[in-house]
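Happy to go through this one with you. Have a look at the sequence and the model, and we can then ask what lies behind the words used for them.

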Number of protein chains: 2
Amino acid sequence: MHKELMLLGLLRPGSLYGYELHRIVQAHGELYSDMKKANLYYLLDRLAGSGHLTVQAEPGTRGARGERLVYTITAAGRERFAELLREVLRSYEPDHNGVDVAVIFLSHLPASEAVSLLAERQRTVAERRAQVAAELGDPAAHGPLRQIAADHLLSQIDAELNWIERSLAFLHEVGWTGAAKEDVNGQPA
Amino acid sequence: MHKELMLLGLLRPGSLYGYELHRIVQAHGELYSDMKKANLYYLLDRLAGSGHLTVQAEPGTRGARGERLVYTITAAGRERFAELLREVLRSYEPDHNGVDVAVIFLSHLPASEAVSLLAERQRTVAERRAQVAAELGDPAAHGPLRQIAADHLLSQIDAELNWIERSLAFLHEVGWTGAAKEDVNGQPA
DNA sequence: GCCTGCATAGTCAGGGCTGACTATAGAAAG
DNA sequence: CTTTCTATAGTCAGCCCTGACTATGCAGGC
């Protein structure tokens, strides 16, 4: 849903052709949802089919393939954009990356390995945080909205980092011993 | 990926048939990844195809349809389980629920509406937090691992809540004025 | 005995998304 | 002038997943 929002939002200021959109989306990788080329064309086709965009084949001025498909937003598209904007802002879909499930089954690993895997996760996440921060540059330089979006990205990552730290401390504190040795690949008790 | 982990983890203690798995997954809705019935059968088939599970058709003892497909984990399945457990714990895939995109485009709404939409989001998220907390019950009663998983779920939601609050304050603080009136559904500047 | 309703058990068409592919225009090299 | 290389532009088979559907056995009322 937010992918359509993004496309309509990018086309609002003026028409673009497919590959151009692709480059914009790739460039702002962190802020915008990542979207592979094939998916992008699929969505553009759908938006065109539903009358939110119009397509014109511009004969090969320069570039490749001899034809570039130029997408232009329609009045219906602008309305849809506003609608989606409201909808996405309003709604919240928390999703579950799967660690929760892994944690529940953590008793099937020896404590030492569990701890070192969590430590590895911690490093991975920290690395990612640095990378995202670097890619965002100085958000304040791009206005308050950019700053808010950047804050969202980073604070989610920070929450994950804090959770890992807390959990490691907690496991240590309660003296968690993990799996019996034979449980790692063995039969149920 | 974590869905396979979950299925293998549930079958580790002993064989189950499809519908039974379905009920378990539904019951623990918040902790386990939500998985619709059709997806579950699809994954079971795949796991069976790859030799991680075996299937036997048990003739209709009781229940429906006259046949229930009983799934049993194999040795390869146990190995796969351990492998997935390590992989899921180690890796981190942050995902972008789309608000970021919406925030970037927030300048296309009047400030007053933007603020009230964010406030609505705040209520939605708070509600969800209460619901999740209720469904989790007392996590400490189910051991430290359950407690850690619950902490993860709630802290992600809390991070979202904190972000909304910060952002509302920030918008107020900088005296953000939002879109020019004609931009809401109008032409680009 | 028969009908209705419900819980159980599984299937199917089709939508969203991706990795890997094809195809073209022009630049660089010889 | 031809070959080769690169950036550009778009397509396709096929995977994962879901909503809606089919089908069966049993309980209870009449």
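What follows is a short set of questions and answers on this predicted model.

Q: What makes the relation between chain A and chain B that of a two-fold axis?
A: Two copies of a chain are related by a rotation about an axis and a shift along it. Here, a turn of 180° with a shift of 0.0 Å along the axis lays chain A on chain B with an RMSD of 0.0 Å. That is the relation of a two-fold axis. If you want to find the axis in your viewer, look for A:Ala159: in chain A, its C-alpha is the nearest to the axis, at 3.1 Å.

Q: How do you know that the copies meet through the same surface?
A: Of the interface residues of chain A, 100% are also interface residues in chain B, so the surface is the same on the two copies. The contact takes 69 residues from chain A and 69 residues from chain B.

Q: Which helices of chain A each supply at least two residues of the side that touches chain B?
A: They are H1 (2-11), H4 (75-90), H5 (99-104), H6 (111-136) and H7 (144-173). The largest share, 19 residues, comes from H7(A). By residue class, the side of chain A that touches chain B divides into 37 nonpolar, 17 polar and 15 charged.

Q: Why is H1(B) called roughly perpendicular to H3(B)?
A: Two packed helices are described by the angle between their axes and the distance between the axes. For H1 (residues 2-11) and H3 (residues 37-49) of chain B, the angle is about 75° and the axes are 11 Å apart. Angles of 65 to 115 degrees count as roughly perpendicular, so the pair H1(B) and H3(B) earns that name.

Q: What residues meet where H1(B) packs on H3(B)?
A: B:Lys3, B:Glu4 and B:Leu7 in H1(B) meet B:Leu43, B:Leu44 and B:Leu47 in H3(B). The residues of this contact divide into four nonpolar, no polar and two charged.

Q: How many helices and strands does chain A have, and in what order do its elements run?
A: Chain A has seven helices and three strands. From the N terminus on, the elements run α-β-α-α-β-β-α-α-α-α.

Q: Where in chain A is the pLDDT below 50?
A: The stretch is residues 60-64, which has four contacts in the model beyond near neighbours in sequence. Where pLDDT is low, the predicted coordinates should not be read in detail. For chain A the mean pLDDT is 88, and 90% of its residues reach 70 or more.

Conventions. Residues numbered from 1 in each chain as written. Chains lettered and ligands numbered in written order. Predicted model: local features only at pLDDT ≥ 70, side-chain atom pairs only at ≥ 80, totals over all residues. Least-squares fit on C-alpha atoms with pLDDT ≥ 70 in both. Contact = placed C-beta atoms within 7 Å. Helix = DSSP H or I, 4+ residues; strand = E, 2+ residues; numbered from the N terminus. Nonpolar A, V, L, I, M, F, W, Y, C, P; charged D, E, K, R; others polar. pLDDT = per-residue confidence, 0-100. Axes fitted to C-alpha atoms, helices over the stretch in contact; angles between N-to-C directions. Parallel < 35°, antiparallel > 145°, perpendicular 65-115°, else oblique.
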